[in-house]
Amino acid sequence: MESFPTIKNILLLDSEGKRVAVKYYSDDWPTLDAKLSFEKSIFSKTMKTNARTEAEITMFDDYIVVYKFVQDLHFFVTGGSEENELILASVLQGFYDAIGLLLRNSVDKRTALENLDLILLCIDEIVDGGIILETDGSAIAGKVASNGIDGGASLSEQVIPSLGNLIFASWFYLYRLFVLRVIHVHKTTQFPHCRPSVKRWPQRGSTLQDLS
């Protein structure tokens with residue numbers, strides 16, 4: 001019988017090894033103390049490695065752990081010793097890419113904690129009961145967005161009001177310029193001696209000799 005690749009856990013820790021968001025899919029760590037001990041141990045083992053430019057892979061307590069560091073966040077994906085390292089690495093990359101999209105590239109602890117609901121939804125879209133569902137970061141972020149954020153408002157619905165405000169501000173600015181222009185023309189008509197010495201507005205390509 002063919003078996004599917006499975007994940008033991010997905011961990012997101014801060015630069016001190018403390019939890020930001022974690023999900024376990026195995027009874028290998030039956031208690032909270034066991035989970036915390038594993039997180040502390042894997043953080044201590046990897047904290048001095050150079051996993052910022054690209055993901056690293058290590059064996060730890062008969063598990064394969066793939067990890068990557070970004071700012072003050074440490075991403076981990078753990079699988080059994082028989083799992084394919086490339087598949088685990090694709091899960092890690094998909095997780096990181098989706099978080100980057102959802103947090104608009106502000107991938108740091110403070111922003112992550114402010115958007116913890118998005119991160120937990122993101123993990124749920126990647127793995128269900130240990131079974132890998134999706135590894136494409138764009139697809140994961142899109143599914144999280146479609147689930148609704150902030151009481152049912154999707155990402156697009158949150159962006160549209162901001163875009164509308166920007167358009168309104170632009171039109172209001174142009175309207176002010178138009179009003180100021182009308183006032184200027186009115187004043188120069190009423191008081192000819194206040195007209196500027198320049199005879200006409202310069203046209204594109206005009207030179208000083210053309211305006212004399």
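# A tour from strand β4 outward

Select strand β4: eight of its eight residues are buried, so the strand is largely enclosed by the rest of the structure. The model is predicted, and residues are numbered from 1 along the chain as its sequence is written.

**The two faces of β4**

Show the side chains of the strand. Tyr63, Val65, Tyr67 and Phe69 point one way, Ile64, Val66, Lys68 and Val70 point the other way, and all are buried. In general, side chains of a regular strand alternate between the two faces of the sheet.

**The neighbours of β4**

Add β3, residues 56-60. Strands β3 and β4 pair in the antiparallel sense over five bridges. To find the register, select isoleucine 57, whose bridge partner in β4 is valine 66. The hairpin of β3 and β4 has two residues between the strands, and aspartate 61 there takes a positive phi near 50 degrees.

Next add β5, which spans residues 73-80. Strands β4 and β5 run antiparallel and are joined by eight bridges. Lysine 68 can serve as a marker here, standing opposite phenylalanine 75 in β5. These two strands also form a hairpin with two residues between them, and glutamine 71 in the turn has a positive phi of about 55 degrees.

Stay on lysine 68 and bring in tyrosine 96. Lysine 68 lies over the face of tyrosine 96, at 5.5 Å from the ring centre.

**Valine 65**

Now select valine 65, which lies in strand β4. Is valine 65 buried or exposed? Valine 65 has a relative accessible area of 0%, so it counts as buried. Not counting residues up to four places away in sequence, valine 65 touches Ile42, Glu56, Ile57, Thr58, Phe60, Phe76, Val77 and Thr78. For a link further along the chain, select leucine 88: the C-alpha atoms of valine 65 and leucine 88 are 8.1 Å apart, with 23 residues of separation along the chain.

**The largest nonpolar core**

In soluble globular proteins, nonpolar side chains tend to be buried together. Select Ile10, Phe75, Phe95, Ile99, Ile119, Cys122 and Ile126. Among the 30 residues of the largest nonpolar core, these touch the most other members. Colouring by element shows where the core comes from: β1 (9-14), β2 (19-24), β4 (63-70), β5 (73-80), α2 (85-102), α4 (116-126) and α5 (137-146) each supply at least two of its residues. Which element gives the largest share of this core? Helix α2 does, with seven residues.

Centre the view on isoleucine 99. Leaving aside neighbours within four places in sequence, isoleucine 99 is in contact with Phe75, Val107, Ile119 and Cys122. Apart from this core lies another, of 15 residues, among them Phe38, Val65, Tyr67 and Phe76. Valine 65, selected earlier, therefore belongs to this other core and is itself buried, at 0% relative accessible area.

**The aromatic cluster**

There are 10 aromatic pairs in the model. A pair of rings is described by the distance of the centres and the angle of the planes. Start with tyrosine 24 and tryptophan 29: their ring centres are 5.4 Å apart and their planes stand at 65 degrees, so the pair is edge-to-face. Both residues are buried, tyrosine 24 with a relative accessible area of 17% and tryptophan 29 at 6%.

Move on from tryptophan 29 to phenylalanine 38. Their ring centres lie 4.8 Å apart with planes at 50 degrees, so this pair is tilted. Tryptophan 29 and phenylalanine 38 are both buried. Now add Phe60 and Tyr63: ring pairs link Tyr24, Trp29, Phe38, Phe60 and Tyr63 into a cluster. Return to tyrosine 24 and select lysine 35, which lies over the face of that ring at 5.3 Å from its centre.

**The loop before α1**

Select serine 26, in the loop between β2 and α1 (32-46). Serine 26 is buried, with a relative accessible area of 15%. Its side chain and that of aspartate 28 are joined by a polar contact of 3.0 Å.

**The whole chain**

Zoom out and colour by secondary structure. The protein chain has seven helices and seven strands. From the N terminus on, its elements run β-β-α-β-β-β-α-α-α-β-β-α-α-α. Of the 212 residues, 34% count as buried. Of the contacts in the chain with a separation of 6 or more, 46% are between residues 24 or more positions apart.

Conventions. This is a predicted model: local features need pLDDT of at least 70, side-chain atom pairs count only at pLDDT 80 or more; totals for chains, interfaces and linings use all residues. Side-chain values use heavy atoms; hydrogens and water are left out. A nonpolar core is a set of buried Ala, Val, Leu, Ile, Met, Phe, Trp, Tyr and Cys residues joined through side-chain atoms within 4.5 Å. Buried means under 20% relative accessible area, exposed over 50%, partly exposed in between (1.4 Å probe, protein chains only). Helices (H or I, at least four residues) and strands (E, at least two) are DSSP runs, numbered from the N terminus. Contact means heavy atoms within 4.5 Å. Rings of Phe, Tyr and Trp (its six-membered ring) pair if their centres lie within 6.5 Å; planes under 30 degrees apart count as stacked, over 60 as edge-to-face and the rest as tilted. A charge sits over a ring if NZ of Lys or CZ of Arg is within 6 Å of the ring centre and within 35 degrees of the ring normal. Two strands pair if DSSP finds at least two bridges between them. A polar contact is a pair of N or O atoms within 3.5 Å; within protein, one must be able to donate a hydrogen and the other to accept it, and residues adjacent in sequence count only if both atoms are side-chain atoms.
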